[in-house]
Amino acid sequence: MSARRVVVVGAGMAAARLVEELRVGEPDPQRLSVTVLGAEAEEPYNRIMLSHAVAARPGPAAVSARATAAPSPVARLKPTGWWERNHITVRTGATVAAIDRATREVELADGERIGYDHLVLATGAAPRIPPVDGIRGPGGGLAPGAFTLRDAAGQRELTAHLAAHPGPVAVVGAGFIGLEIACALAGSGHDVVVVHPRDRPMNGCLDVGAGAVLVRALAALGVRVLTGVRATRWDGATLTLDDGEVRCRTVVLTAGSAPRTDLARDAALEVGSGVVVDDELTTSDPAISALGDCAEHRGVVGGLVAPAWDQAVVLAARLSGADPQARYVGGAEVTRLKAHGLDVVALGSLAADVYGSRCPDTGTPIEVTTLSEPARGRYARVDVAGGRVVGAALIGHPEPVGMLTQLFENALPVPDDVVSVVLGRAEAVAAQTPSTMPAAAVVCRCNGVSKGDLVAAWADGARDSGALAERTRAGTGCGGCSSAVDGICGWLQEAG
């Protein structure tokens, strides 16, 4: 009997997690053949950390912005040879040009055709380029000095350009990716200005009060934020705004992204904002699935790694036969800004009106608790409906993040004194120390790793943070749990 052929288009973090889980579900390559087709020139790596890697010094080969062959400081998801040892074929530089649904083949840009029994689209998203005059060159690509940051090649080009032009940098867009880049660049000594057309940074998940505190906190880190302002023209030395200008040689565009759906659309699959999938993550063709940033599930397009990895686990269970009944019903909205000296977390969605708002699903009144200390760079807001957290925004309040996240994700009852929770004084919060934290407490949300999982890995021989990460994946997603993993590791070392 020939192996069932699963072919994955895309080699990002969702694709990498999917094929890893596929091999866990079916270890025998004679029963399940797994092939990954990645357009980039390298194996899967941690794209989340690009914003931090951009401020690193370029390698010796990166003598100009064109030196894309320089080693990238971003971290590969697996050590050299791991894919081969696990009988997963990863083809780099393999751009898929078309899908032939009739013959169940994909055609590469060089004309090669590869057959599949089940095809998975994990094509991710492409950066949105704002309508700025002069931002594109004559050939349609970005003009000199303008960059996006969606892949390692772009990161290397930007890093090399910054080495040659170490002056001020303008970042267009104040979402969490733009702010992470801005903070990383400011931390490496650049004068950074963020230009944002809305009235506050991270406007999709923060309210006005949180936005105001965040602007002050960013200023303390050396990042100037201009809100309610649009960039209108770029000439290589000046970014013109609708009410001023920024003199700089570097512009980084972080104005959002759009799902890559061209392959699906050309193959006549159902496409909305993304490639439409059901709870089985199946497209309008039963032999084709989609997941991650390119997929639209229940009208929602993703953009974060945690739900993409949740989708990967479900789809792998179905395709490998480990759990044919597995379903994906949606993930919790948790956004964390990762920047040195700045801790911003957003859970769910906040009510538009602080007074008199009701939960759209149940009609239950929403109670809003807010604590604001602008001078200290601290802000907290927690929205509660029916005794459950439905939304929260926290700036400079790391203490309650773990507890509030668990309350939100698991729809658990909220203690009566919400203020004590925010201030880290509730009994449940006090329990979140390594020694008294429940074994079931989730430490790494991206990978669903609990304290118990870390303790078990430790007992099995993983005796430092790196080994724990390799064994459990804790800290290999957004990196926001790294300090917690280190704390548990230190506790385990002291306990002997």
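Visitor: Which residue takes a positive phi just after helix 5?

Guide: That is Gly 189, with a phi of about 105°. Before we go on, please note that this is a predicted model, where local features need pLDDT of at least 70 and side-chain atom pairs count only at pLDDT 80 or more, while totals for chains, interfaces and linings use all residues. Residues are numbered from 1 along each chain as its sequence is written, and side-chain values use heavy atoms, with hydrogens and water left out.

Visitor: Which residues have a positive phi although they are not glycines?

Guide: His 87 is one of them, at about 55°, and Ala 411 is another, at about 50°. His 87 sits in the loop between helix 3 and strand 3 (88–91), and Ala 411 in the loop between helix 9 (401–409) and helix 10 (418–422). Helices (H or I, at least four residues) and strands (E, at least two) are DSSP runs, numbered from the N terminus.

Visitor: Is His 87 buried, partly exposed or exposed?

Guide: We use relative accessible area, with a 1.4 Å probe and protein chains only: buried is under 20%, exposed is over 50%, and partly exposed is in between. His 87 counts as partly exposed because its relative accessibility is 46%. Ala 411, at 42%, is partly exposed too.

Visitor: How do I check the length of helix 5, and what should it span?

Guide: The expected span is 1.5 Å times one less than the number of residues. Helix 5 has 12 residues, so it should span 16 Å, and its end C-alpha atoms are indeed 16 Å apart.

Visitor: How many residues of helix 5 are buried?

Guide: Nine of the 12, so the helix is mostly covered. Among them are Gly 178, Leu 179, Ile 181 and Cys 183. Cys 183 has a relative accessible area of 11%.

Visitor: How many disulfides does the structure hold?

Guide: Zero. A disulfide is a pair of cysteine sulfur atoms within 2.5 Å. The cysteine sulfur closest to that of Cys 183 belongs to Cys 205, but at 14 Å the two are too far apart for a bond.

Visitor: What is the strand order in the open sheet of five strands?

Guide: Strands of a sheet pair through backbone hydrogen bonds, either parallel or antiparallel. Here the order is 22-23-26-25-24, with antiparallel pairing. Strand 22 (334–339) and strand 24 (366–373) are the edges, as each pairs on one side only. Two strands pair if DSSP finds at least two bridges between them. Direction ignored, neighbouring strands of this sheet are turned by 10° against each other on average. Helix 5 (residues 176–187) packs on the sheet and touches strand 22 and strand 23, with its direction at about 15° to that of strand 22. Axes are lines fitted to C-alpha atoms, for helices over the stretch in contact, and angles run from 0 to 180 degrees between N-to-C directions.

Visitor: How many bridges join strand 23 to strand 26?

Guide: Five, linking residues 342–348 with residues 388–395 in antiparallel fashion. One bridge to look for pairs Ala 346 with Ala 393 in strand 26.

Visitor: Do strand 10 and strand 11 run parallel or antiparallel?

Guide: Parallel, with four bridges between them. Val 172 has Val 195 of strand 11 as its bridge partner. In strand 10 (residues 169–172), Val 169 and Val 171 point one way, Ala 170 and Val 172 the other way, and all are buried.

Visitor: Which residues does Val 54 touch?

Guide: Contact means heavy atoms within 4.5 Å. Not counting residues up to four places away in sequence, Val 54 touches Leu 149, Gln 155, Leu 158, Thr 159, Leu 162, Ile 181 and Leu 185. Val 54 lies in the loop between helix 2 (50–53) and helix 3 (82–85), and it is buried, at 1%.

Visitor: Where does pLDDT stay under 50?

Guide: pLDDT is the predictor's confidence in each residue, from 0 to 100. It stays under 50 over residues 58–72 and over residues 427–431. The first stretch has 20 contacts beyond four places in sequence, and the second has nine. The protein chain averages 89, and 91% of the residues score at least 70.
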